[in-house]
Amino acid sequence: TAPSRDALLDSLRQYFDQGGFQADLARRVACRTESDTGAPGPALEAYLRGEISPGLQALGFTCEVLPNPDPRGGPMLVARRVEDPALPTLLTYGHGDVVSGQEGRWRAGLDPWTLKVEGERWYGRGTADNKGQHSINLAALAQVLAVRQAAGQGRRAPGSGFAQVSVLPSPDLGAFDSGEGGMVGRGADGILRIGKEGLPFAAA
């Protein structure tokens, strides 16, 4: 049988309450992946290779960093995890770049590259757009897989209905059945478009 919803929610609650999400996001906020100060620098590729890829590989994804055909953009990470080709493919995505940190323009006690929590407010460049968002997606995926493994379901149990996960940034990387966020589409030219910036993650 599929892992229970209660077990998954309990696992997610522990991850958040024990500081796991805060630690992951703080590490990512500390990466200075600015992209509106000119051509994206090496920090963005380092973020994809050194921060995001290892976590995905630990979940069973294969990862590849591809150059961006648009010289104004940074590289793209493609990650794919397939349990059964017969299952539907789900695409999710995010972007690792952020706008200028604007050091010195934050109020006293705040720094763009240091995550700071004050009550219910979290400060740091990228906490909302987009490092916080893709950190939530990746954390949720990790918890689902961990709960399944704990329940003895390292692979999908017959009838459990889990989608597969993969990441697809170009037309030759495959098709997908459902996309997250409504900004995903494939045009008449066959090119997969995921919005202005891309750090796609998908499941199939």
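With which residue does Glu-45 form a salt bridge? In this predicted model, the partner of Glu-45 is Arg-49, and the closest N and O atoms of the two side chains are 2.8 Å apart. Both residues belong to helix α3, and because they are four residues apart there, about one helical turn separates them. Glu-45 counts as partly exposed, since its relative accessibility is 33%. Arg-49 is also assigned to the partly exposed class, at 46% relative accessibility.

Salt bridges that share partners also join Asp-24, Arg-27, Arg-28 and Glu-51 into one network. Over the whole structure, the search returns nine salt bridges. In general terms, side chains of opposite charge can pair when their charged atoms come close.

Within the network, Arg-27 is bridged to Asp-24, with 3.1 Å between the closest N and O atoms. The two residues both lie in helix α2, which spans residues 20-29, and they are three residues apart, about one turn of that helix. Their accessibility classes are not alike: Arg-27, at 39% relative accessibility, is partly exposed, whereas Asp-24, at 17%, is buried. The class of Asp-24 follows from the cut-off, because buried means under 20% relative accessible area.

A further salt bridge is formed by the side chains of Arg-28 and Glu-51, with an N to O distance of 2.9 Å. This pair links distant parts of the chain, as Arg-28 is located in helix α2 and Glu-51 in helix α3 (residues 42-58), 23 residues apart. Arg-28 is buried, its relative accessible area being 8%. Glu-51 is likewise buried, with a value of 11%.

Cysteine residues were examined next. The count of disulfides is zero. Cys-31 has a relative accessible area of 22% and is therefore partly exposed. For Cys-63 the relative accessible area is 24%, which also places this residue in the partly exposed class.

Aromatic contacts were then considered. A pair of aromatic rings is described by the distance of the centres and the angle of the planes. The count comes to four aromatic pairs. In one of them, the rings of Phe-16 and Trp-122 have centres 5.9 Å apart and planes at 25 degrees, so this pair is classed as stacked. The contact links distant parts of the chain: Phe-16 is in helix α1 (residues 5-17) and Trp-122 in strand β5 (residues 121-123), with their positions 106 residues apart in the sense of being 106 residues apart. Phe-16 is partly exposed, with a relative accessible area of 44%. Trp-122 is partly exposed as well, at 25% relative accessibility.

Trp-122 also pairs with Phe-21; the ring centres are 5.8 Å apart and the planes stand at 45 degrees, so the arrangement is tilted. Because Phe-21 lies in helix α2 and Trp-122 in strand β5, this pair ties together parts that are 101 residues apart in sequence. Phe-21 counts as buried, at 9% relative accessibility. Tyr-15, Phe-16, Phe-21 and Trp-122 form one aromatic cluster.

The interior was also searched for enclosed space. Rolling a probe the size of a water molecule over the atoms shows where empty space is left. The search gives one cavity of 30 Å³ or more. The largest cavity holds about 30 Å³ of space. Its lining is made up of Thr-33, Glu-34, Ser-35, Pro-40, Gly-41, Ala-43, Leu-44 and Asp-97. By residue class, the lining of the largest cavity divides into three nonpolar, three polar and two charged residues. The two charged residues are Glu-34 and Asp-97, because Asp and Glu belong to the charged class.

One loop position completes the description. Asp-129 is placed in the loop between β5 and α4, the latter covering residues 131-150. With a relative accessible area of 49%, Asp-129 is partly exposed; this follows because the exposed class requires a value over 50%. The C-alpha atom of Asp-129 is separated by 9.2 Å from that of Val-99, the two residues being 30 residues apart along the chain.

Definitions and conventions:
Residues are numbered from 1 along each chain as its sequence is written. This is a predicted model: local features need pLDDT of at least 70, side-chain atom pairs count only at pLDDT 80 or more; totals for chains, interfaces and linings use all residues. Side-chain values use heavy atoms; hydrogens and water are left out. A salt bridge is a side-chain nitrogen of Lys or Arg within 4 Å of a carboxyl oxygen of Asp or Glu. Buried means under 20% relative accessible area, exposed over 50%, partly exposed in between (1.4 Å probe, protein chains only). A disulfide is a pair of cysteine sulfur atoms within 2.5 Å. On a 1 Å grid over the protein atoms alone, a cavity is a set of points where a 1.4 Å probe fits but cannot get out, and a pocket is an open set with protein on both sides within 12 Å along at least five of seven lines; lining residues have an atom within 4 Å of a point. Grid points are joined across faces, edges and corners, and a volume is the space filled by probe spheres set on the points. Rings of Phe, Tyr and Trp (its six-membered ring) pair if their centres lie within 6.5 Å; planes under 30 degrees apart count as stacked, over 60 as edge-to-face and the rest as tilted.
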